[in-house]
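The exercises below are meant to be worked with the sequence and the model side by side. Try each task before reading the solution that follows it.

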Amino acid sequence: MLLRLADAREYLDEPELLTEVIAAINSFLVHEGLRLESRGSGPRLLVCDPALAHPSEYGATELKAAMTDIVHDPAMVLLLQRRLDEARTCYAHGAHVAAIVMLGSLMEGVLLQTVVERDRTLLGNTAPRNVRFETLIDLCHKAGWIDGDAQKFSHVLRHYRNFVHPDQESREAHRPDRDTLGICWQVVNAALNDLAASANGPGGK
């Protein structure tokens, strides 16, 4: 029954509902040490650590927004949600650097899509694919879409996201661990909450 609920074929008319259903189910399953995932190969029921498998509630900043509250393009909603789900999988299995890299990728994608959908003129003559992550962070803060704390600490997340390059990580004395990942996750939650809250405010849709 659970696998059927997480099967994309059940949502052909409303594909955006799939991620919402899986998130709702996982909020209960996590207490049993299980989580659902929907991949191209089909839905799977995985074993996870209940203490690690629900990072959206890690620390004080809870994720209150859905991807559909921030992004309007259905295809991008699904793509970005998959990034978030993959970060959760990495978190659950102790792959801290991989989870941080995925969170940074998610954040960059969400910020870029937000700028493109809300006010593409902020990019000037620069093609979207050429806009730097750090520029997107500052543009979204200047536009009033993310608060100052989210802006400041998103740059820290950006720094750790660059550990996708082994050479970058090799220059650092510090190795990302579970606590580093927890901090990065709170930054993502705060920024996503800000983006959702500003969607219908000044400068939003």
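Helices (H or I, at least four residues) and strands (E, at least two) are taken here as DSSP runs, numbered from the N terminus. The model is predicted, so local features need pLDDT of at least 70 and side-chain atom pairs count only at pLDDT 80 or more, while totals for chains, interfaces and linings use all residues. Residues are numbered from 1 along each chain as its sequence is written, and side-chain values use heavy atoms, with hydrogens and water left out.

**Exercise 1. Establish the order of helices and strands in the protein, and describe its burial and surface.**

Step 1. The protein contains 8 helices and 2 strands, and along the sequence these follow the pattern α-α-β-β-α-α-α-α-α-α.

Step 2. Buried means under 20% relative accessible area, exposed over 50%, and partly exposed in between (1.4 Å probe, protein chains only). By that rule, 43% of the 205 residues count as buried.

Step 3. Accessible areas come from the Shrake-Rupley method with a 1.4 Å probe, and for residues only the protein chains shown count as cover. The accessible surface of the protein comes to about 10600 Å², and 53% of this belongs to carbon and sulfur atoms.

Step 4. With contact meaning heavy atoms within 4.5 Å, 61% of the contacts between residues at least 6 apart in sequence join residues at least 24 apart.

**Exercise 2. Find which helices supply the largest nonpolar core, and which residues have the most contacts inside it.**

Step 1. A nonpolar core is a set of buried Ala, Val, Leu, Ile, Met, Phe, Trp, Tyr and Cys residues joined through side-chain atoms within 4.5 Å. In soluble globular proteins, nonpolar side chains tend to be buried together.

Step 2. The largest such core has 41 residues, and those with the most contacts inside it are Leu103, Leu106, Val110, Leu111 and Leu195. At least two residues of this core come from each of α3, α4, α5 (133–142), α6 and α8, and the largest share, 9 residues, comes from α4.

Step 3. Not counting residues up to four places away in sequence, Val110 touches Met67, Ile70, Leu80, Leu192 and Leu195. Apart from this core lies another, of 7 residues, among them Leu18, Ile22, Ile25 and Leu29.

**Exercise 3. Follow the surroundings of Ile100 in helix α4 and Ser154 in helix α6.**

Step 1. Ile100 counts as buried, at 1% relative accessibility. Its C-alpha lies 6.9 Å from that of Cys184, although the two are 84 residues apart in sequence.

Step 2. Leaving aside neighbours within four places in sequence, Ile100 is in contact with Leu157, Tyr160, Arg161, Pro176, Thr180, Leu181 and Cys184.

Step 3. Ser154 is likewise buried, with a relative accessible area of 1%, and, with neighbours within four places set aside, Ser154 is in contact with Met107, Ile137, Val187 and Ala191.

**Exercise 4. Describe the span, the cover and the N-terminal cap of helix α8.**

Step 1. The expected span of a helix is 1.5 Å times one less than its number of residues. Helix α8 (residues 178–197) has 20 residues and reaches 28 Å from its first C-alpha to its last, close to the 28 Å expected.

Step 2. Helix α8 is mostly covered, since 14 of its 20 residues are buried, whereas Ala197, also in α8, counts as exposed at 63% relative accessibility.

Step 3. At the N-terminal end, Asp177 caps α8, with a side-chain oxygen 3.1 Å from the backbone nitrogen of Asp179.

**Exercise 5. Locate the salt bridges of Asp85, Glu108 and Arg132, and place each partner by its accessibility where a value is available.**

Step 1. A salt bridge is a side-chain nitrogen of Lys or Arg within 4 Å of a carboxyl oxygen of Asp or Glu. The structure holds 7 of them.

Step 2. Asp85 pairs with Arg88, the closest N and O atoms being 3.5 Å apart. The two are 3 residues apart in helix α3 (residues 74–92), and therefore separated by about one helical turn. Arg88 is buried, with a relative accessible area of 12%.

Step 3. Glu108 pairs with Arg161, their closest N and O atoms being 2.7 Å apart. Because Glu108 lies in helix α4 (residues 96–118) and Arg161 in helix α6 (residues 148–161), the pair ties together parts that are 53 residues apart in sequence. Glu108 is partly exposed at 23% relative accessible area, whereas Arg161 counts as buried at 15%.

Step 4. Arg132 pairs with Glu134 at 2.9 Å between the closest N and O atoms; Arg132 is exposed at 52%, and Glu134 is partly exposed at 26%.

Conventions. A polar contact is a pair of N or O atoms within 3.5 Å; within protein, one must be able to donate a hydrogen and the other to accept it, and residues adjacent in sequence count only if both atoms are side-chain atoms.
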